[in-house]
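Let's take a walk through this structure together, one region at a time. Please keep the sequence and the 3D view open as you read.

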Amino acid sequence: MVGGVRELAASFVVPGPCGVAVRDRLKRLTPRDEKVLRAVGEHQGRLASRDLRARCADGLEHSADTWASRKRDLTPLSSSRIAGAITKATHDQWALARRCQAAHIRNLEAGIGTLRHRLSLPIGARGTKRAAGGYRSKGEWFHKSRRLAVLEARHDAAVRDRQAGRVRVVRGGRHLLNTRHHLTDARLTEEQWRERWEAERWFIAADGESGKRFGNETIHVTPDGEVSIKLPAPLAHLANTPHGRYTLTVRIGFAHRGVEWADRITANRAVAYRIHLDTQRGRWYLTASWQRPAMHTIPLETARARGMIGVDTNADHFAAYHLDPHGNPIGEPRRFFYDLSGTTAHRDAQIRHALTRLINWAKRCGVTAIAIEDLDFTTEKTREKHGRKKRFRQLISGIPTGKLKARLVSMSAEQGLSIVAVDPAYTSMWGAQHWQKPLATPKRKMSRHDAAGIAIGRRALGHPVRRRTAPPPHDRSDRAGHRTAQARPGTRGREGTRPPATDHAPRDVPPNGTRKRETQCIQHRSGCAQNAQVGPGPTHAHWLGTVQGGW
């Protein structure tokens with residue numbers, strides 16, 4: 001904290017995406033094709049569940065030897081490549097559970113700290129902008145003290161689990177598991193839930209291998225769209241082609257990034273595949289993914305060269321403003337609305353549609369970068385942070401921060417746009433203070449979010465959020481002062497005064513302001529030429545020449 005204001009983090013260009021995934025539907029599968037896919041998914045899913053249980057039992061004692069031992073146990077029941085894919089997926093899932101466990105502990109610590117602070121204050125003590133006050137009544141104080149004891153018990157248990165290396169993972173998803181107890185609310189029958197549960201626990205995936213034919217030895221996809229699968233050893237009798245492989249009767253063709261995918265498999269570069277069933281639609285899909293070489297981000301100065309689009313993220317819309325390289329707002333504010341109610345697929349589609357409109361507008365403006373806040377609401381979503389403000393907590397939780405970052409970076413990279421992340425501190429407050437009222441006109445309605453977009457863009461451009469101080473009114477003796485228009489730092493004369501527009505005197509005659517000061521000096525100010533001492537010393541002409549030539 002410097003002068004009561006948190007020190008701001010430096011802006012930076014967000015690295016581009018390092019991976020690509022495309023999906024296509026497996027249409028018109030025969031009953032035999034579906035039977036084979038279900039058998040493979042069920043068999044390999046059991047192996048994956050068994051391997052995950054073994055990995056969780058190892059805990060922190062895991063080593064390369066235990067990994068090799070698990071892979072050797074799985075190889076006779078599948079193949080060496082399938083066993084490698086299963087163990088790798090298991091390690092990724094265990095590592096994700098550890099990261100979620102650490103985030104849960106941080107969330108508990110934030111809630112415990114807030115409760116301890118508020119409980120230490122007298123009942124009814126007023127809070128400040130930076131810290132909440134005491135509780136309103138003795139009853140509320142008592143209930144919050146019990147809440148503190150519950151959080152402390154949960155924190156101690158989570159810390160013990162982390163120190164012991166214990167994690168809790170549900171193959172198929174904990175949300176779907178809990179849905180089993182609320183089938184009526186989910187509008188599902190037990191058979192429908194069971195089908196979805198089993199499909200989520202299947203495992204039909206294979207990692208890519210560079211140098212192998214078509215980039216994958218387990219799941220072959222030829223350039224003309226033929227799909228074949230290497231069957232595990234116990235299911236080899238289902239093969240319809242040599243070498244224990246089963247070839248599907250369908251053909252696929254990736255409409256999106258199909259050329260890039262074809263170039264990779266033609267050159268025998270690694271491509272990973274995953275086959276899964278959407279039980280709600282009754283459709284099978286194949287997803288192809290591969291890694292891209294590390295993309296070098298452009299320098300921050302290059303991103304700033306042609307201006308910036310500042311974007312303020314809200315619960316129901318993006319508020320954007322176009323700024324030139326000097327930080328001046330251009331044109332009118334733009335708002336891109338979305339609706340985050342409904343299913344996950346609906347919310348995802350809404351985000352993609354809003355981002356598409358934003359990126360298209362940025363391309364029309366001619367900028368090369370979009371500025372956005374580096375948001376993280378980890379400590380802002382707790383019940384203890386905002387107390388009774390349940391709707392406000394729901395509002396914060398509804399802002400799509402994580403998904404927004406991933407989608408915006410990937411979609412912008414395809415259009416040649418860079419993303420500049422800025423510190424979100426004080427952008428809404430300072431934007432409203434310095435920009436909302438000056439830019440509001442009878443025909444332009446400026447909201448707090450529009451002003452925040454200007455603040456975000458100026459911070460990304462390296463300018464301070466506040467505007468220049470406006471010149472004083474012309475009825476004052478000192479006339480107009482500094483310009484309000486922005487200039488690049490280091491520009492000569494950018495802090496100088498500006499002569500009145502009606503001053504058309506020759507170059508050798510000083511501006512009106514100087515002539516006025518000269519007259520005032522001669523007539524009204526003591527110590528000027530007319531009051532100078534008689535005798536040796538500067539003459540009246542000398543003083544007058546000094547005034548005309550400048551002090």
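A good place to begin is with the cysteines: the structure, which is a predicted model, holds 0 disulfides. A disulfide is a covalent bond between the sulfur atoms of two cysteines. Two cysteines are worth finding in your viewer. Cys56 has a relative accessibility of 22%, so it counts as partly exposed, a little beyond the 20% under which a residue would be called buried. Cys100 counts as partly exposed too, because its relative accessibility is 46%.

Now turn to the three-stranded sheet. Strands of a sheet pair through backbone hydrogen bonds, either parallel or antiparallel. Here the pairing is antiparallel, and the 3 strands make an open sheet in the order S4-S5-S6. Strand S4 (219–221) and strand S6 (245–251) are the edge strands; each has a single partner strand, so one side of each has no neighbour in the sheet. From one strand to the next, the twist averages 20 degrees. If you look at S5 (residues 226–230), you will find 4 bridges linking it to S6 in the antiparallel sense. One pair to pick out is Ile229 with its bridge partner in S6, Tyr246. Across S5 and S6 lies helix H1 (residues 31–58), which runs at about 130 degrees to S6.

The loop between S4 and S5 holds Thr222. Is this residue buried or exposed? Thr222 counts as buried, because its relative accessibility is 13%. Beyond its neighbours within four places in sequence, Thr222 is in contact with Phe214, Trp261 and Ile265.

Next come the aromatic rings, which form 6 aromatic pairs. One of them joins Trp193 and Trp197 in a stacked arrangement, with 5.5 Å from centre to centre and 10 degrees between the planes. Both residues belong to helix H7 (residues 190–201), where they sit 4 residues apart, about one turn of the helix. Trp193 and Trp197 are both buried. Rings also meet charged side chains in this model: Arg23 lies over the face of Tyr285, 4.2 Å from the ring centre, and Arg55 lies over the face of Trp94, 3.9 Å from the ring centre.

For a stop at the surface, look at Ser120 in helix H3 (residues 80–120). Ser120 is exposed, because its relative accessible area is 56%. Ser120 lies 15 residues from Tyr135 in sequence, and their C-alpha atoms are 9.8 Å apart in space.

Let's finish with strand S10 (residues 317–323), which is mostly covered, with 7 of its 7 residues buried. His317, Ala319, Tyr321 and Leu323 point one way from the strand, while Phe318, Ala320 and His322 point the other way. What does S10 pair with? On one hand there is strand S9 (residues 308–313), joined to S10 by 6 bridges in the antiparallel sense. Gly310 has Tyr321 of S10 as its bridge partner, and a hairpin of 3 residues leads from S9 to S10. On the other hand there is strand S11 (residues 329–337), which also pairs with S10 in the antiparallel sense over 6 bridges. Here the bridge partner of His322 is Ile330 in S11. The hairpin of S10 and S11 has 5 residues between the strands, and within this hairpin Gly327 takes a positive phi near 90 degrees.

How values were computed. Residues are numbered from 1 along each chain as its sequence is written. This is a predicted model: local features need pLDDT of at least 70, side-chain atom pairs count only at pLDDT 80 or more; totals for chains, interfaces and linings use all residues. Side-chain values use heavy atoms; hydrogens and water are left out. Two strands pair if DSSP finds at least two bridges between them. Helices (H or I, at least four residues) and strands (E, at least two) are DSSP runs, numbered from the N terminus. Axes are lines fitted to C-alpha atoms, for helices over the stretch in contact, and angles run from 0 to 180 degrees between N-to-C directions. Contact means heavy atoms within 4.5 Å. Buried means under 20% relative accessible area, exposed over 50%, partly exposed in between (1.4 Å probe, protein chains only). Rings of Phe, Tyr and Trp (its six-membered ring) pair if their centres lie within 6.5 Å; planes under 30 degrees apart count as stacked, over 60 as edge-to-face and the rest as tilted. A charge sits over a ring if NZ of Lys or CZ of Arg is within 6 Å of the ring centre and within 35 degrees of the ring normal. A disulfide is a pair of cysteine sulfur atoms within 2.5 Å.
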